[in-house]
Amino acid sequence: MTERRKLMRVLEGETVFPPPVWLMRQAGRYLPEYRETRAKAGGFLELCYDPDFATEVTLQPIRRFGFDAAILFSDILVIPDALDRGLHFVAGEGPKLTPLREDEVASLDPSRAETHLAPVIATVARLREELPEETTLIGFCGAPFTVATYMIAGHGTPDQAPARLFGYRHPEAMEKLLYLLAEMSADYLIRQLTAGADCVQIFDSWAGVLDEACFEAYAIGPVRRMVEKIRAARPDAKIIGFAKGAGAFLSTYREKTGVDAVGLDWQMPMDFARSIQTGGAVQGNLDPLRLIAGGRALDEGVDRILEHLGGGSLIFNLGHGITPDAPIEHVEALLKRIRG
Ligand code: CP3
């Protein structure tokens, strides 16, 4: 490879225009070819743990749209699955797990993880072989707090009250849980990088529910530990941190955690986003609903991001994942608008 991949150049601090673009959840139900492969696989987890199927669905949005990056197809909940927490997906309801009690934290056993996650690592290696040379491969995992919210409640909740109450009532167990997840997740990302991922993203989708003290304890500390552990093994690793809803806490997120790039949700004011961009790359932040609406709402949203952030290190993305009702023509229009 003579020329560096575009997205990697941005992570190294370059300004690339038009910016590299990919979409969170770009492999998914809005694509008919995804629905077809998922039906063949029989279920979502079957898709995640089968390197043939997982490679296929990762490549689908690259073939169709030519995004600058592919994200490994998997889920953040494979880590609690490796801890044997009874993960299953109920159609129309999302993930279910066995709710974790405080007195169970000490006996969580990470020793199965290496074997359990081997098919995902095999998928990463396959992807690097099959992707076009110019396409960046992004590995990922959930941040410890976001993964813990699903483990504690046993399902998704709108405000993560069960996890927050768990933290207030059992601070030692919460700390133990978050740092166990940090160690496992760092090992998992190191394996992804070694297998061929160019960079990795840490999804903290629920960081926005935390008060200041809890943000420090749950969303900064464990992520910083992950970054330190990853860099000890892979000093050149490039890491994107996406702490959704974190608002003003993002002003120091990069320096406190050590991530290279900061993901921005759609509520971030542009002036604030630019101040974060003075410290390095940012990624985001189109409202996924603008993609559903299309037309003027989409064009104006894209233009505003390019105008305010396009003069610096930017990875164009949504402010959260693409939804199943996103029209394919609108994704095409988005790419056309960005790339001119
Ligand atoms: O971005 C990609 O294309 C890569 C794949 C990916 C998935 N999940 C596939 C998926 C990634 C990066 C994730 C991350 C993930 N998973 C997060 C963090 C990002 C975010 O969106 O906030 C979270 C919180 C999860 C947990 C999870 N997985 C939930 C809550 C659900 C159900 C919600 C839903 O949309 O149904 C999933 C299932 C899931 N993960 C699907 C996909 C494509 C849908 C499963 C299906 O095919 O039915």
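How far from an oxygen atom of the ligand does a backbone N or O atom of Ala27 lie? The first legend answers this for the predicted model shown here.

**View 1. Polar atoms of the protein beside the ligand in the predicted model.** A backbone N or O atom of Ala27 lies 3.1 Å from an oxygen atom of the ligand. The side chain of Arg29 also takes part in this picture, since one of its N or O atoms is 2.4 Å from a ligand oxygen atom, and a polar atom in the side chain of Arg38 is found 2.5 Å from an oxygen atom of the ligand. Of the 870 Å² of accessible area that the ligand has on its own, the protein covers 88%.

**View 2. The surroundings of the ligand in the largest pocket.** The ligand sits in the largest pocket, where 21 residues are found around the ligand. Those that come nearest are Arg25, Arg29, Tyr34, Arg38 and Ser205, and two of these names, Arg29 and Arg38, have already appeared in the previous view.

**View 3. The open sheet and its parallel strands.** Seven strands make up this open sheet, and reading across the sheet gives the order S1-S4-S5-S6-S7-S8-S9, with parallel pairing. At the edges lie strand S1, residues 69-71, and strand S9, residues 314-318, each of which pairs on one side only. If direction is ignored, neighbouring strands of the sheet are turned against each other by 25 degrees on average.

**View 4. The pairing of strands S1 and S4.** Strand S1 pairs in the parallel sense with strand S4, which spans residues 136-142, and three bridges connect the two strands. Within this part of the sheet, Ala69 stands opposite Thr136, a residue of S4.

**View 5. Two cis peptide bonds, one before Pro18 and one before Asn285.** Phe17 and Pro18 are joined by a cis peptide bond whose omega is about -5 degrees, and Pro18 has its place in the loop between helix H1 (6-11) and helix H2 (32-41). The peptide bond from Gly284 to Asn285 is likewise cis, with omega near -15 degrees, but Asn285 has its place in strand S8, which covers residues 282-286.

**View 6. The backbone at Asp84.** Although Asp84 is not a glycine, this residue has a positive phi of about 65 degrees. Asp84 is placed in the loop that runs between helix H5 (78-82) and strand S2 (88-90).

Note on methods. Residues are numbered from 1 along each chain as its sequence is written. This is a predicted model: local features need pLDDT of at least 70, side-chain atom pairs count only at pLDDT 80 or more; totals for chains, interfaces and linings use all residues. Side-chain values use heavy atoms; hydrogens and water are left out. Two strands pair if DSSP finds at least two bridges between them. Helices (H or I, at least four residues) and strands (E, at least two) are DSSP runs, numbered from the N terminus. Axes are lines fitted to C-alpha atoms, for helices over the stretch in contact, and angles run from 0 to 180 degrees between N-to-C directions. A residue is near a molecule or strand if one of its heavy atoms lies within 4 Å of it. A polar contact is a pair of N or O atoms within 3.5 Å; within protein, one must be able to donate a hydrogen and the other to accept it, and residues adjacent in sequence count only if both atoms are side-chain atoms. Accessible areas come from the Shrake-Rupley method with a 1.4 Å probe; for residues, only the protein chains shown count as cover. On a 1 Å grid over the protein atoms alone, a cavity is a set of points where a 1.4 Å probe fits but cannot get out, and a pocket is an open set with protein on both sides within 12 Å along at least five of seven lines; lining residues have an atom within 4 Å of a point. A molecule sits in a cavity or pocket if more than half of its atoms lie within 2 Å of its grid points.
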